[in-house]
Amino acid sequence: MSQIPWWGLPLVAVVFAFAGAAAAHLVAARNKVLLTRERRDRQWYEERKDAYCRLLAAFDRATHKLRAAYEAGEKPPPPLAYVDQVGPALMPVRLLASGPVRSAALAVHLQLERLHGEMNPAGVVGVHPHTHFRELLAQVPLVMQQFEAAVRDELGIVDTPPKPLPSLNGRVRSLSEPDRERR
């Protein structure tokens, strides 16, 4: 027989019941924290990805309008039209982005804003306004590439080549290799 008195058995049962309930409560709280963290991370990623895609599209539209106006021999659109077009896409990026992404986005914005304004290369001797505009327009894709690289770093986007396709006989073939097995 056990050396535990008859009145101690219910006490032991109550202690173990409380311990089990506390453990179940802690596990449920930990799961809730992990799920909300995952939702916040997913929301963080989606908010930034959407804002960056909208801004890149606005920058691309503005660059296209500048190139079209330049090739047609017309004056570029006024700076206020550019700000009206890009401003709504730029503000969420300024609020949400980290330092490097914000700096890169503002660098592209300043470059495009300079192109929409009056070209005044008076400080550079021997430079014609027409040539100056074309040189600045050629720099826009380079600055946008830096913005895209900063976005890729922040969002953790990694470029990986596609994996080769396995064939039916177990031999691995590349994507560019013609399908000789069907012939």
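These points walk through a predicted model of one protein chain.

1. **Overall make-up.** Start with the inventory. The protein chain has four helices and two strands. Read from the N terminus, the order of its elements is α-α-α-α-β-β. The helices therefore precede the strands in that order, as the run of α and then β shows.

2. **Burial and contacts in the chain as a whole.** The protein chain has 183 residues, and 22% of them count as buried. Now take its contacts between residues at least 6 apart in sequence. Of these, 69% join residues at least 24 apart.

3. **The first aromatic pair.** Two aromatic pairs are present in the structure. One of them joins Tyr52 and Phe147: the ring centres are 6.5 Å apart and the planes stand at 80 degrees, so this pair is edge-to-face. The cut-off for that label is an angle over 60 degrees. Tyr52 belongs to helix H1 (residues 8-72) and Phe147 to helix H4 (residues 129-155), so the pair ties together parts that are 95 residues apart in sequence. Both Tyr52 and Phe147 are buried.

4. **The second aromatic pair.** Phe147 also pairs with Phe59. Here the distance is 6.2 Å centre to centre, with 70 degrees between the planes, and the pair is again edge-to-face. Phe59 sits in helix H1 and Phe147 in helix H4, 88 residues apart, so distant parts of the chain are linked. Phe59 is buried, as is Phe147. Put the ring pairs together and Tyr52, Phe59 and Phe147 form a cluster.

5. **Helix H3: a length check.** Helix H3 covers residues 99-116, which is 18 residues. At 1.5 Å a residue, H3 should span 26 Å. The C-alpha atoms at its ends are 26 Å apart, so the expected and the modelled spans agree.

6. **Helix H3: which side is buried?** Where do the buried residues of H3 lie around the axis? First, the list: Val101, Ala104, Ala105, Val108, His109, Gln111, Leu112, Leu115 and His116 are buried in H3. These residues cover an arc of only 160 degrees around the axis, which means they are on the same side of H3.

7. **How H2 meets H3.** Two numbers describe a pair of packed helices: the angle between the axes and the distance between the axes. Helix H2 (residues 79-96) packs with H3 at an angle of about 175 degrees, and their axes are 11 Å apart. H2 is therefore roughly antiparallel to H3, because angles over 145 degrees count that way. From H2, the contact uses Pro79, Tyr82, Val83, Val86, Leu90, Val93 and Arg94. From H3, it uses Arg102, Ala105, Leu106, His109, Leu112, Glu113 and His116.

8. **Arg102 in H3.** Arg102 is found in helix H3. Is Arg102 buried or partly exposed? Its relative accessibility is 31%, so Arg102 counts as partly exposed. Leaving out residues up to four places away in sequence, Arg102 touches Arg94 and Ala97. Ala150 is 48 residues from Arg102 in sequence, yet their C-alpha atoms are 8.9 Å apart in space.

9. **Arg48 in H1.** A second arginine, Arg48, has its place in helix H1. Its relative accessible area is 10%, so Arg48 is buried; the cut-off is under 20%. With residues up to four places away in sequence set aside, Arg48 touches Leu96, Glu154 and Leu155.

Note on methods: Residues are numbered from 1 along each chain as its sequence is written. This is a predicted model: local features need pLDDT of at least 70, side-chain atom pairs count only at pLDDT 80 or more; totals for chains, interfaces and linings use all residues. Side-chain values use heavy atoms; hydrogens and water are left out. Rings of Phe, Tyr and Trp (its six-membered ring) pair if their centres lie within 6.5 Å; planes under 30 degrees apart count as stacked, over 60 as edge-to-face and the rest as tilted. Buried means under 20% relative accessible area, exposed over 50%, partly exposed in between (1.4 Å probe, protein chains only). The expected span of a helix is 1.5 Å times one less than its number of residues. The arc is that of the directions from the helix axis to the C-beta atoms. Axes are lines fitted to C-alpha atoms, for helices over the stretch in contact, and angles run from 0 to 180 degrees between N-to-C directions. Angles under 35 degrees count as roughly parallel, over 145 as roughly antiparallel, 65 to 115 as roughly perpendicular and the rest as oblique. Contact means heavy atoms within 4.5 Å.
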